[in-house]
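Trainee: Could you take a close look at one part of this protein with me? I'd like to go through it slowly.

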Amino acid sequence: MRIIAAIANGPRDPFEIVPCELSAPRAGEVLVRVHACGICHTDLAVKYGHIPVQMPKVLGHEGAGVIEQVGPGVTSFRPGDHVLMSFGSCGECPNCCDGALGYCDHFRAINLFGSRPGGSALSRGGSELGGHFFAQSAFATYAIATTRNIVKVDADLPLDLLAPLGCGIQTGMGSVMNVLRPQAGTSIAVFGVGAVGLSAIIAARIVGCSTIIAVDVVPERLRVARELGATHAVSGRAENPAAEITELTQGGAHVSLDTTGVPAAVASSVNCLRARGVSAQVAAPPRGTMYAAEASVVVGRGISIRGVVEGDANPQLFIPRMIGFFREGRLPLDKFVKTYPLAGINEAVDDLDSGRVVKPVLTMAGFGSA
């Protein structure tokens, strides 16, 4: 079938909105008519060449939509089901069998490089086009996904708001709830309060942290963080953010999360911790980026530093949990999601890069098949 997609051609080129061809779903796959897709920093890390993926390619990995067709052997989903799309996994390696889907032995191949048995489902002008990004490539009007990376949701839920649950929100909330697991009454410092950081702050509020410190260089983001549950805001441009956090917490934060990947911020996320503190790192900075941690701090305080992929979440279990928080009013996505039409993807990217918007979501309304 013919569809409309936003193609990433290279680091300096804007996304190109063009007609493409999409093949039918194979065994274990479904065809989803995409209603909305969030823009995540990982999409941009790939487009800008920070993660070396061959272009041209259709990106987008926070898709939400309605199933139109199922492939051979698919019995757990049917046409008409509303679904959110998340990351893919093989389901067979030791980590998948252990429930650690984000650490699938084939995670990079499936998600970043779009490995799909039989080749890409996308083509343009008769030539194969890079797709299956995070087992979906949802910067398009239609996408092929697998039964392993989709989650059925109730038809009354707003897909444009819920689309980011598939990656960014899941990463932030999951890093707090599944990895750091702070006890009620403890303190957390969150470095970088974009969508991932704000989700972490919301999660920290839900689990009962008494001191929630937001750190960012954009004042408006700090304002939103305070509105969503942060008890304190610290400028990332301060001379010594770690010292400010240590003073605010009377000895250091119990846990911290860095979403920026900026080496100075990562160092502060470690230095701000009290003895036996834990720091989670979730960013995807350019390849070769090195983090520095002072040995006397890490060893002397018994600090743990933990890398985290997708919030250590199993989407089939964690996405319904987040939807529960949304229904209860404890996950106010409307406070930081802004929608753009698919044709406005380059404006949305500019707004995200500049900090004018926290979470841009593309909507496909007005586009059918090409």
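In which order do the strands of the open sheet lie, and is the pairing parallel or antiparallel?

Mentor: Happy to! Keep in mind that this is a predicted model. The open sheet has five strands, and their order is β4-β1-β2-β7-β8. The pairing is antiparallel. At the edges you'll find β4, covering 57–58, and β8, covering 127–129. Each of these two pairs on one side only. If you're wondering what pairing involves, strands of a sheet pair through backbone hydrogen bonds, either parallel or antiparallel.

Now zoom in on two neighbours. Strand β1 spans residues 2–8, while strand β2 spans residues 16–22. They pair in the antiparallel sense, with six bridges between them. Want one spot to put your finger on? Find I7, whose bridge partner in β2 is E16.

Stay on E16 for a moment, as its side chain has a contact too. It meets the side chain of R124 in a salt bridge, at 3.2 Å from N to O. R124 belongs to strand β7 (residues 122–124) and E16 to strand β2, so this pair ties together parts that lie 108 residues apart in sequence. How open are the two ends of that contact? R124 is partly exposed, at 35% relative accessibility. E16 also counts as partly exposed, with a relative accessible area of 28%.

Let's put that contact in context. Searching the whole structure turns up 13 salt bridges. Another one of them joins the side chains of E328 and R330, at 2.9 Å from N to O. Here E328 is exposed, with 51% relative accessibility, and R330 is partly exposed, with 39%.

The pair R356 and D351 makes a nice contrast. Their side chains meet in a salt bridge at 2.8 Å, N to O. R356 counts as exposed at 58% relative accessibility, whereas D351 has a relative accessible area of 8% and is buried. The cut-off for buried is under 20%, so D351 falls on that side.

Salt bridges can also be linked up. Look for E220, R223, E227 and K335, which are joined in a network of salt bridges.

To come back to your sheet, trace β4-β1-β2-β7-β8 across it once more. When you get to β2, pause at E16: there you have the bridge partner of I7, and its side chain also meets that of R124 in a salt bridge.

Note on methods
Residues numbered from 1 in each chain as written. Predicted model: local features only at pLDDT ≥ 70, side-chain atom pairs only at ≥ 80, totals over all residues. Heavy atoms only, no water. Pairing = 2+ DSSP bridges. Helix = DSSP H or I, 4+ residues; strand = E, 2+ residues; numbered from the N terminus. Salt bridge = Lys/Arg side-chain N within 4 Å of Asp/Glu carboxyl O. Buried < 20%, exposed > 50% of the residue type's maximum accessible area, 1.4 Å probe, protein only.
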